[in-house]
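Reader: I am in my first year of study and would be grateful for a close look at a single part of this model. Please explain one helix and the sheet beside it in a connected way.

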Amino acid sequence: MVNKKHERLLTFFINSSGYLVPRSFDKCVKLSKTMHPYLLGKRDIEYFYNLEKSLYGIRASMEVLKNIVANKGKILFVSNLSRLKSRFDLESDINFIEWKRGSLVKSKYTDLTFLTGIEEEKLIEVHRKCLLLVGVGSSTMSKISYPVNLNIESSLLTDWFVSLLYISYIQGKRVKESSKLSRPIKGLLGKGKFKGPIKKNEV
């Protein structure tokens with residue numbers, strides 16, 4: 001049963017054809033079996049995302065983006081979407097590249113990578129770099145850490161997605177700017193507080 005809180009959003013996705021799994025440029029490439037748990041069904045040659053499940057991946061992706069920005073991490077967008085570049089072009093902690101063969105291998109280290117227009121060749125380069133990856137509109141779950149299973153080919157959905165990214169980015173930036181050295185630090189060993197440098201008389 002659909003959560004009423006998400007009804008409007010799901011209706012928007014459906015009306016904008018966000019449920020359609022993007023087809024590969026190579027017609028011989030079949031949909032990966034790793035996608036089956038994320039699908040609602042199939043008609044003729046079209047596969048349909050389960051948009052209710054997609055919401056969880058979208059939410060998780062925005063949360064990790066916000067947290068990485070808040071912790072002064074670096075973000076990389078690998079995409080041909082001009083709206084992404086125009087939105088984030090002036091941000092120093094955001095890098096943007098259009099994919100060409102070898103471009104990912106040559107790129108600098110990043111804490112999180114967003115990849116659109118996913119093809120096998122791109123995923124191979126991502127795997128070589130061991131990148132934490134958000135896959136947007138993917139037809140496979142292979143090597144993807146955070147799936148955004150949504151077809152954003154519609155201009156309305158593209159605008160919505162770019163706006164969502166920017167809001168999450170600004171939220172993370174505000175946390176970073178308002179954070180203090182004394183705030184609790186979460187880590188694998190639990191929580192602790194930064195006490196500052198050790199003075200000589202304390203050694």
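Author: The following account treats one helix and then the sheet. The model is predicted, so local features need pLDDT of at least 70 and side-chain atom pairs count only at pLDDT 80 or more, while totals for chains, interfaces and linings use all residues. Residues are numbered from 1 along each chain as its sequence is written, and side-chain values use heavy atoms, with hydrogens and water left out.

Helices (H or I, at least four residues) and strands (E, at least two) are DSSP runs, numbered from the N terminus. Helix 2 comprises the 20 residues 51-70; at 1.5 Å a residue it should span 28 Å, and its end C-alpha atoms are indeed 28 Å apart. The expected span is 1.5 Å times one less than the number of residues. At the start of helix 2, a side-chain oxygen of N50 comes to within 3.2 Å of the backbone nitrogen of E52. After the helix comes K72, with a positive phi near 65°. Among the buried residues (under 20% relative accessible area, 1.4 Å probe, protein chains only) of helix 2 are L51, L55, I58, L65 and V69.

The sheet is open, with 5 strands in the order 4-3-5-6-7 and parallel pairing. Strands 4 and 7 stand at the edges with a single partner strand each, so one side of each has no neighbour in the sheet. Two strands pair if DSSP finds at least two bridges between them; strand 3 (residues 75-78) and strand 5 (residues 112-116) are joined by 4 bridges. In this pairing, I75 stands opposite L112.

Helix 2 lies across strand 3, strand 5, strand 6 and strand 7.

Conventions
Buried means under 20% relative accessible area, exposed over 50%, partly exposed in between (1.4 Å probe, protein chains only). A polar contact is a pair of N or O atoms within 3.5 Å; within protein, one must be able to donate a hydrogen and the other to accept it, and residues adjacent in sequence count only if both atoms are side-chain atoms. Contact means heavy atoms within 4.5 Å. Axes are lines fitted to C-alpha atoms, for helices over the stretch in contact, and angles run from 0 to 180 degrees between N-to-C directions.
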